[in-house]
Each structure stands twice: as C-alpha cells, then as structure tokens.
Amino acid sequence: MARRETTEPAGSNDPGVSPPDPATLGYEQARDELASIVARLESGAGTLEESLALWERGEALAARCQEWLDGARARLAAARGDAGTTGAADAADEEER
C-alpha cells in the first residue's frame, strides 16, 4: 500500500503522516494549507502546544509563498527587461514621469 501524502498542517488528526516539507510545495498547495492553518488558529481550538506548532508551520508556509511570489516577480521583471528594478522602484519611477 502506498503512503498517502497530505497537505494537513502539523498537529493534524493523523499522527502517522507528517506534513510535506514546505520547500517541496507549489504556491497553491502552500497557500491553501496556510489558509487552513489560519482558520484553525482563529477558531481557538486546540492546546497551546498545538497552536504553536500550527503557527510555526504557518510561518514556514508563508515564507514559501513569498518565495514563489518573489520568483514570479523576478521572472516578470526579466521578461519586461527591467530585472534590476523592484516594484517599489517602478512605482517611484512612474511618479517622477
């Protein structure tokens, strides 16, 4: 029997299955799991230890999402031919013109 992969956050109800490493997740997978964690934390259910584990997992997932977004931004900038600028610099340039 093949091992089942899950996107459930740390502290899920299935202790036999560990969540995948955030570094291996695509943007949508990380975003969806992060949204699930936020909902669980906002519900206030669970122990302090469970909440801390969820928070830590959420931080790792948020960092992964940011990596994906930064990579996409860099690819777009390269495609436009302005790889040396950032979004904030682009906005400042537009205001000066």
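Let me begin with a term: a residue is called buried when its relative accessible area is under 20%, and exposed when that area is over 50%, with partly exposed in between. By that cut-off R57 is buried, because its relative accessible area is 9%. I shall return to R57 shortly. Please keep in mind throughout that the structure before you is a predicted model.

First, the overall picture. The protein chain has three helices and zero strands, and from the N terminus on its elements run α-α-α. Of its 97 residues, 19% count as buried. The accessible surface of the protein chain comes to about 7,000 Å², and carbon and sulfur atoms hold 55% of that surface. As for contacts, if we take those in the protein chain with a separation of 6 or more, 60% of them are between residues 24 or more positions apart.

I turn now to helix α1, which covers residues 27-43. Its end C-alpha atoms are 24 Å apart, and this agrees with the 24 Å that its 17 residues should span at 1.5 Å a residue. Which residues of α1 are buried? They are A30, E33 and I37. These three cover an arc of only 70° around the axis, and therefore they sit on the same side of α1. The general principle is worth recalling: an α-helix has 3.6 residues a turn, so residues three or four places apart point the same way. On the other side of α1, E42 and S43 are exposed. And what do the buried residues of α1 pack against? Their partner is α2. Just after α1 comes G44, which takes a positive phi of about 80°.

Helix α2 is next, and it covers residues 48-80. At 1.5 Å a residue, its 33 residues should span 48 Å; the end C-alpha atoms of α2 are 47 Å apart, which agrees. The buried residues of α2 are L54, R57, G58, L61, R64, C65 and A77. What covers them includes α1. After α2 we find G81, whose phi is positive, near 85°.

Two arginines appear in that list of buried residues, R57 and R64, and I should like to take each in turn.

Where does R57 lie, and what does its side chain meet? The place of R57 is in helix α2, and its side chain forms a salt bridge with that of E33, at 2.7 Å from N to O. This pair links distant parts of the chain, since R57 belongs to α2 and E33 to α1, 24 residues apart. Is E33 buried or exposed? E33 is buried, because its relative accessible area is 2% and the cut-off is 20%. Thus both partners count as buried, R57 at 9% and E33 at 2%. The two side chains also make a polar contact, again at 2.7 Å.

R64 likewise has its place in helix α2. At 16% relative accessibility, R64 counts as buried. What does its side chain reach? It reaches the backbone oxygen of P22 at 3.2 Å. A polar atom of the R64 side chain also lies 3.2 Å from the backbone oxygen of A23. Leaving aside neighbours within four places in sequence, R64 is in contact with P22, A23, L25 and A30. Of these, A30 is one of the buried residues of α1.

Finally, let me return to the salt bridges. How many are there? The count comes to four, and the pair of R57 and E33 is one of them. Another joins R73 and D70, whose closest N and O atoms are 3.2 Å apart. R73 and D70 both lie in helix α2, three residues apart, which is about one turn of the helix. R73 is partly exposed, with a relative accessible area of 47%, and D70 is partly exposed at 38%. A further salt bridge brings together the side chains of D32 and R31, at 3.1 Å from N to O. Here too the partners are partly exposed, D32 at 46% relative accessibility and R31 at 37%.

To close, I would direct your attention to the place where α1 and α2 meet. The buried residues of α1 pack against α2, and the salt bridge between R57 and E33 links the two helices.

Key
Residues are numbered from 1 along each chain as its sequence is written. Side-chain values use heavy atoms; hydrogens and water are left out. Helices (H or I, at least four residues) and strands (E, at least two) are DSSP runs, numbered from the N terminus. Buried means under 20% relative accessible area, exposed over 50%, partly exposed in between (1.4 Å probe, protein chains only). Contact means heavy atoms within 4.5 Å. Accessible areas come from the Shrake-Rupley method with a 1.4 Å probe; for residues, only the protein chains shown count as cover. A polar contact is a pair of N or O atoms within 3.5 Å; within protein, one must be able to donate a hydrogen and the other to accept it, and residues adjacent in sequence count only if both atoms are side-chain atoms. The expected span of a helix is 1.5 Å times one less than its number of residues. The arc is that of the directions from the helix axis to the C-beta atoms.
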